[in-house]
Amino acid sequence: MTLTFTLDPVVDPALRDGILELWADATNAGGAIGFVPPVTADDIRPALAEQLAAVADGGSRLLVGRDGDGAVAATAFLTHNTHRLQLHWIWAYTVMVHPRHQGKGYGRALMAAAEEAARSIEGIDAIRLGCRGGYGLEHFYAACGYKEVGRVPGAIRVAPGDDRDDITMLLPLR
């Protein structure tokens, strides 16, 4: 079974709830997606509302992957820069695959779909993303063609005494 990706889907309550469930489940399974487990959908709801507001305003694009049952299985938000000297690249945020689909190649499929989506946006030359150190995520992104271009040691505090590196990865598109 493969995922079906949609760029800029209609955001209705069912999609919003599907993303909330994905985000909570992925975080609670140990995913590094802006929160530390345990979390509930209510914990994540304000962050998702901000990201969906950016989609509604045109500052971000939403990429959703659905599994064979139509459930939200993967997401990435592609966010435009607002600085006039950085309009030629975008950020990938909230990149996640549901834990029930881990190990099926869906993460690589999501990153390939994000690359394809970014290539379809006029004037975009690269994708940047940040990831939390301590999980080996930089190795996954490197396998998807990204290059580590920056690292700030201990910039992410997940708990007292547990600081992680903030790693910046870049995928040139041209």
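This report covers two helices, a buried loop residue, some backbone dihedrals and the cysteines of a predicted model.

**Helices H1 and H2**

Helix H1 takes in residues 13-28, and at 1.5 Å a residue its 16 residues should span 22 Å. Its end C-alpha atoms are 22 Å apart, in agreement with that value. The buried residues of H1 are Leu15, Gly18, Ile19, Leu20, Leu22, Trp23, Ala24, Ala26 and Thr27. They pack against helix H2 (41-57) and against three strands, S2 (60-66), S3 (72-80) and S4 (89-97). In an α-helix there are 3.6 residues a turn, so residues three or four places apart point the same way.

H2 has 17 residues, and from its first C-alpha to its last it reaches 23 Å, close to the 24 Å expected at 1.5 Å a residue. H2 also has a kink of about 30 degrees, centred on alanine 47. Buried positions in H2 are Ile44, Leu48, Gln51, Leu52 and Val55. These residues pack against H1, S2, S3 and S4.

**Backbone dihedrals**

Most residues other than glycine have a negative phi, and most peptide bonds are trans. The table collects positive phi values in this model.

| Residue | Place | Phi |
|---|---|---|
| Aspartate 8 | loop between strand S1 (4-7) and H1 | positive, about 60 degrees |
| Glycine 30 | follows H1 | positive, near 105 degrees |
| Glycine 58 | just after H2 | positive, about 90 degrees |
| Threonine 94 | strand S4 | positive, about 50 degrees |

Aspartate 8 and threonine 94 are the entries here that are not glycines. Aspartate 8 has a relative accessibility of 37% and therefore counts as partly exposed. Threonine 94, by contrast, counts as buried, because its relative accessibility is 12% and the cut-off for buried is under 20%.

The peptide bond that joins proline 37 and proline 38 is cis, with omega about 0 degrees. Proline 38 is found in the loop between H1 and H2.

**Isoleucine 124**

Isoleucine 124 sits in the loop between helix H3 (106-119) and strand S5 (126-132). Although it is a loop residue, isoleucine 124 is buried, with a relative accessible area of 1%. Once its neighbours within four places in sequence are left aside, isoleucine 124 is in contact with Leu87, His88, Trp89, Ile90, Ala118, Leu173 and Arg174. Leu173 is 49 residues from isoleucine 124 along the chain, and the C-alpha atoms of the two are separated by 7.6 Å.

**Cysteines**

A search of the whole structure finds 0 disulfides. For cysteine 131, the closest cysteine sulfur is that of cysteine 144, at 11 Å, which is too far for a bond, because a disulfide needs the two sulfur atoms within 2.5 Å. Cysteine 144 is likewise in no disulfide, and its nearest cysteine sulfur is that of cysteine 131. Cysteine 131 counts as buried at 5% relative accessibility. Cysteine 144 is also buried, with a relative accessible area of 17%.

How values were computed:
Residues are numbered from 1 along each chain as its sequence is written. This is a predicted model: local features need pLDDT of at least 70, side-chain atom pairs count only at pLDDT 80 or more; totals for chains, interfaces and linings use all residues. Side-chain values use heavy atoms; hydrogens and water are left out. Helices (H or I, at least four residues) and strands (E, at least two) are DSSP runs, numbered from the N terminus. The expected span of a helix is 1.5 Å times one less than its number of residues. Buried means under 20% relative accessible area, exposed over 50%, partly exposed in between (1.4 Å probe, protein chains only). Contact means heavy atoms within 4.5 Å. The bend at a residue is the angle between axes fitted to the seven residues ending there and the seven starting there.
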